[in-house]
Amino acid sequence: MESVHFDRAETYEPEEGWRRVEMAGSEAFSFEWFEKPPGHSSPMHDHENEQVCMVLAGELTIHTEDDEVTLGPYDSVWLEPWERHRVENTGDERAVGVDVFAPGRSFDFWLDRE
């Protein structure tokens, strides 16, 4: 067993106010907690990993090239590998969520991007 305590987990901000925290995971999957300020959006991107995004607080809109869905607390979405998408906080308050990636991905994904 390997535990990760939230207050001691590795964390970084790819952009101001957009914080990501690495939680327990493995090469098979990785689990990341995140928060986004109102109005923040990740850029359109893709990756080799399947992704499940679950909203814990606030509101997030997930945009793909063909669709979009707005999620509230405890709603989730599944994205296929290589499916281009972006995640935007379309609400008026801080949004909090969790991402699960399979297979696991490098925690510094956003720091390694051009």
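This passage walks through the strands, aromatic rings and charged side chains of a predicted model.

A good place to start is with the sheets. Strands of a sheet pair through backbone hydrogen bonds, either parallel or antiparallel. One open sheet here is built from six strands, arranged in the order β1-β2-β3-β9-β4-β7, and its pairing is antiparallel. At its edges are β1 and β7 (76–79), each of which pairs on one side only. From one strand to the next, the twist in this sheet averages 25°. Within the six-stranded sheet, strand β4 (residues 50–57) runs antiparallel to β9, and seven bridges join the two. For a reader tracing this pairing in the structure, a handy landmark is M54, which stands opposite V98 in β9.

Three strands make up another open sheet, with the order β6-β5-β8 and, once again, antiparallel pairing. Here β6 (68–71) and β8 (85–88) are the edge strands; each has a single partner strand, so one side of each is left without a neighbour in the sheet. The twist averages 15° from one strand to the next. Strand β5 (residues 60–64) and β8 run antiparallel and are joined by four bridges. In this pairing, I62 can be found opposite V87 in β8.

Attention now turns to the aromatic rings. A pair of aromatic rings is described by the distance of the centres and the angle of the planes. Searching the whole structure gives two aromatic pairs. In one of them, the ring centres of F6 and W33 are 4.9 Å apart and the planes meet at 75°; an angle over 60 degrees counts as edge-to-face, so this pair is given that name. The two partners come from distant parts of the chain, 27 residues apart: F6 belongs to the segment before β1 (11–15), whereas W33 belongs to strand β3 (residues 30–36). Their surroundings can be compared through relative accessible area. F6, at 37%, is partly exposed, while W33 has a relative accessibility of 13% and counts as buried because the cut-off for that word is under 20%.

The other pair is formed by Y12 and F107, and it too is edge-to-face, with 4.9 Å from centre to centre and 80° between the planes. Since Y12 lies in strand β1 and F107 in the segment after β9 (95–102), this pair ties together parts that are 95 residues apart in sequence. Y12 counts as buried at 12% relative accessibility, and F107 is buried as well, with a relative accessible area of 6%.

Rings also meet charged side chains in this model. The ring of W18 has the charged end of K36 sitting over it, 4.0 Å from the ring centre. In a similar arrangement, the charged end of R105 sits over the ring of F101, 3.8 Å from its centre.

R105 deserves a further look. Its place in the chain is the segment after β9. Is R105 buried or exposed? With a relative accessible area of 11%, R105 is buried, because that value is under 20%. Setting aside neighbours within four places in sequence, R105 is in contact with R20, S30, E32, H47, N49 and W110.

Definitions and conventions
Residues are numbered from 1 along each chain as its sequence is written. This is a predicted model: local features need pLDDT of at least 70, side-chain atom pairs count only at pLDDT 80 or more; totals for chains, interfaces and linings use all residues. Side-chain values use heavy atoms; hydrogens and water are left out. Two strands pair if DSSP finds at least two bridges between them. Axes are lines fitted to C-alpha atoms, for helices over the stretch in contact, and angles run from 0 to 180 degrees between N-to-C directions. Rings of Phe, Tyr and Trp (its six-membered ring) pair if their centres lie within 6.5 Å; planes under 30 degrees apart count as stacked, over 60 as edge-to-face and the rest as tilted. Buried means under 20% relative accessible area, exposed over 50%, partly exposed in between (1.4 Å probe, protein chains only). A charge sits over a ring if NZ of Lys or CZ of Arg is within 6 Å of the ring centre and within 35 degrees of the ring normal. Contact means heavy atoms within 4.5 Å.
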